[in-house]
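Subject: Structure handover

Hello,

Here is the structure I promised to pass on. Please open it first, then read my notes below.

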Amino acid sequence: MAGRCFLRSQAEALLAADFFETVTLTGARMHILAVIEHATRRVRILGATAHPTAAWVYQAVRNLAMDLQDAGCRARFLIRD
């Protein structure tokens, strides 16, 4: 209950990020990095790659930060799994 109250009260400031995995029609395994904005429930797909590296994730998050800044988003916290 307390967790739900926190999420509701802080929704404007929260983003959640996670990888999920899919298999393409050709059988290739892809890792997809996605972020959800809790206030709007908007899902952003940051990219897909067969071999995620720290540098790849860092660049995807930098791009997201610039997009959010341009959009006037007030996110301050990132929840990741």
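Which residue in β4 does Leu14 stand opposite? The residue is Phe77. Keep in mind that this is a predicted model.

First, the overall layout. The protein has two helices and four strands. Read from the N terminus, the elements go α-β-β-β-α-β. There are 81 residues, and 23% of them are buried. About 6000 Å² of the protein is exposed, and carbon and sulfur atoms supply 56% of that area. I also looked at contacts in the protein with a separation of 6 or more. Of these, 35% are between residues 24 or more positions apart.

Next, the strand pairing. Strand β1 covers residues 14–23, and strand β4 covers residues 77–80. These two run parallel, joined by four bridges. The Leu14 and Phe77 pair belongs here, with Phe77 on the β4 side. β1 is also joined to strand β2 (residues 29–37). That pairing is antiparallel and has nine bridges. Within it, Ala17 has Val35 of β2 as its bridge partner. Five residues sit between the strands in the hairpin of β1 and β2. Look at Gly27 in this hairpin: its phi is positive, near 95 degrees.

Now the core. Five residues form the largest nonpolar core: Leu15, Ala17, Val35, Leu64 and Leu68. Two elements, β1 and α2 (54–71), give two or more residues to this core. In soluble globular proteins, nonpolar side chains tend to be buried together. Val35 is worth a click. Leaving out residues up to four places away in sequence, Val35 touches Leu15, Ala16, Ala17, Arg42, Val43, Arg44, Leu46 and Leu64. Among these, Leu15, Ala17 and Leu64 are also members of the core. So Ala17 turns up twice in this story: Ala17 is the bridge partner of Val35, and Ala17 touches Val35.

Last, the surface. Phe20, Val43 and Ile45 make a nonpolar patch of about 290 Å². Ile45 belongs to strand β3, which spans residues 42–49. Is Ile45 buried or exposed? Ile45 counts as exposed because its relative accessibility is 53%, and the cut-off for exposed is over 50%. Val43 links two parts of these notes: Val43 helps make the patch, and Val43 is one of the residues that Val35 touches.

Start with the β1 pairings, then the core, then the patch.

Best wishes

Conventions
Residues are numbered from 1 along each chain as its sequence is written. This is a predicted model: local features need pLDDT of at least 70, side-chain atom pairs count only at pLDDT 80 or more; totals for chains, interfaces and linings use all residues. Side-chain values use heavy atoms; hydrogens and water are left out. Patches are made of residues with over 30% relative accessible area and no salt bridge: like charges are joined within 9 Å, nonpolar side chains (Val, Leu, Ile, Met, Phe, Trp, Tyr) within 5 Å. Accessible areas come from the Shrake-Rupley method with a 1.4 Å probe; for residues, only the protein chains shown count as cover. A salt bridge is a side-chain nitrogen of Lys or Arg within 4 Å of a carboxyl oxygen of Asp or Glu. Buried means under 20% relative accessible area, exposed over 50%, partly exposed in between (1.4 Å probe, protein chains only). Contact means heavy atoms within 4.5 Å. Two strands pair if DSSP finds at least two bridges between them. A nonpolar core is a set of buried Ala, Val, Leu, Ile, Met, Phe, Trp, Tyr and Cys residues joined through side-chain atoms within 4.5 Å.
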